[in-house]
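Please open the structure in a viewer and keep the selection tool at hand. The tour below proceeds stop by stop, stating what to select and what is to be found there.

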Amino acid sequence: MKDGKAFVATTCKGEACSAVWSISPVSAVKPVQLAYFKHGQIEGITYDEKSKSITGIFDAGGKPTKMVRIKLK
């Protein structure tokens, strides 16, 4: 959570794609897409306050895990 916002990862149903979103507790504020990934379904995310970034882990299906870092503004 950063500035009262939460971060959420979603995956596409039936396709190998996913996204990371920032959501506000204020219902009038729409979710903001921070990143979209065409290939791969993101399994989990974590927020690092020190680096102001989100790290995402992808399901690699038995292969070495793939990770991505999303820098926040």
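The stops begin with the whole chain and then turn to individual strands and residues.

**The whole chain**

Begin with everything displayed as a cartoon, and bear in mind that this is a predicted model. The protein has six strands and zero helices, so the order of elements from the N terminus reads β-β-β-β-β-β. Along the principal axes, the C-alpha atoms fill a box of roughly 40 × 30 × 15 Å. If a surface is now switched on, the accessible area to be considered is about 5300 Å², and 56% of that area belongs to carbon and sulfur atoms. Of the 73 residues, 26% count as buried. Among contacts between residues at least 6 apart in sequence, 24% join residues at least 24 apart.

**The sheet of β1, β2 and β3**

Next, select strands β1, β2 and β3. These three strands form an open sheet in the order β1-β2-β3, with antiparallel pairing. Which strands stand at the edges? They are β1 (6-11) and β3; each has a single partner strand, so one side of each is left without a neighbour in the sheet. Viewed along the sheet, the twist averages 20 degrees from one strand to the next.

Now restrict the selection to β2 (residues 18-23) and β3, which run antiparallel and are joined by five bridges. To see an opposing pair, select V20 and look across to A35 in β3.

Remain in strand β2 and select S22. Is S22 buried or exposed? Its relative accessibility is 10%, so S22 counts as buried. Leaving aside residues up to four places away in sequence, S22 touches K5, A6, F7, P31, V32 and L34. Displaying these residues as sticks shows what surrounds S22.

When the side chains of a strand are shown, one general point may help. In a regular strand the side chains alternate between the two faces of the sheet.

**The hairpin of β4 and β5**

Move on to β4 (residues 42-48) and β5, an antiparallel pair joined by six bridges. Within this pair, select T46; its bridge partner in β5 is T55. The two strands form a hairpin, with four residues between them.

In the loop between β4 and β5, select K52. What is the phi of K52? It is positive, at about 55 degrees, although K52 is not a glycine. For context, most residues other than glycine have a negative phi.

Keep K52 selected and add E49. The side chains of these two residues meet in a salt bridge, at 2.4 Å from N to O. By the rule applied here, the count for the structure comes to one salt bridge. Both ends of the bridge can be examined for exposure: E49 is partly exposed, with a relative accessible area of 43%, and K52 is likewise partly exposed, at 32%.

**From β5 to β6**

Now select β5 together with β6 (residues 66-71). Six bridges join β5 to β6, and the two strands run antiparallel. To locate one of the opposing positions, select I57, whose bridge partner in β6 is M67. Strand β5 is thus joined by bridges to β4 and also to β6. How many of the six residues of β5 are buried? Five are, and the strand is described as mostly covered.

**The aromatic pair**

For the last stop, show the aromatic side chains. A search of the whole structure finds two aromatic pairs. In one of them, the rings of F37 and F58 have their centres 5.1 Å apart and their planes at 85 degrees, so the pair is edge-to-face. The cut-off behind this reading is that planes over 60 degrees apart count as edge-to-face.

This pair links distant parts of the chain: F37 lies in strand β3 (residues 32-37) and F58 in strand β5 (residues 53-58), 21 residues apart. Buried residues have under 20% relative accessible area. F37, at 14% relative accessibility, counts as buried, and F58 is buried as well, with a relative accessible area of 10%. With F37 and F58 selected, the view therefore takes in β3 and β5 through an edge-to-face pair.

Note on methods: Residues numbered from 1 in each chain as written. Predicted model: local features only at pLDDT ≥ 70, side-chain atom pairs only at ≥ 80, totals over all residues. Heavy atoms only, no water. Phe/Tyr/Trp six-rings, centres within 6.5 Å; stacked < 30°, edge-to-face > 60°. Buried < 20%, exposed > 50% of the residue type's maximum accessible area, 1.4 Å probe, protein only. Salt bridge = Lys/Arg side-chain N within 4 Å of Asp/Glu carboxyl O. Pairing = 2+ DSSP bridges. Axes fitted to C-alpha atoms, helices over the stretch in contact; angles between N-to-C directions. Contact = heavy atoms within 4.5 Å. Areas by Shrake-Rupley, 256 points an atom, 1.4 Å probe, with all protein chains shown as cover.
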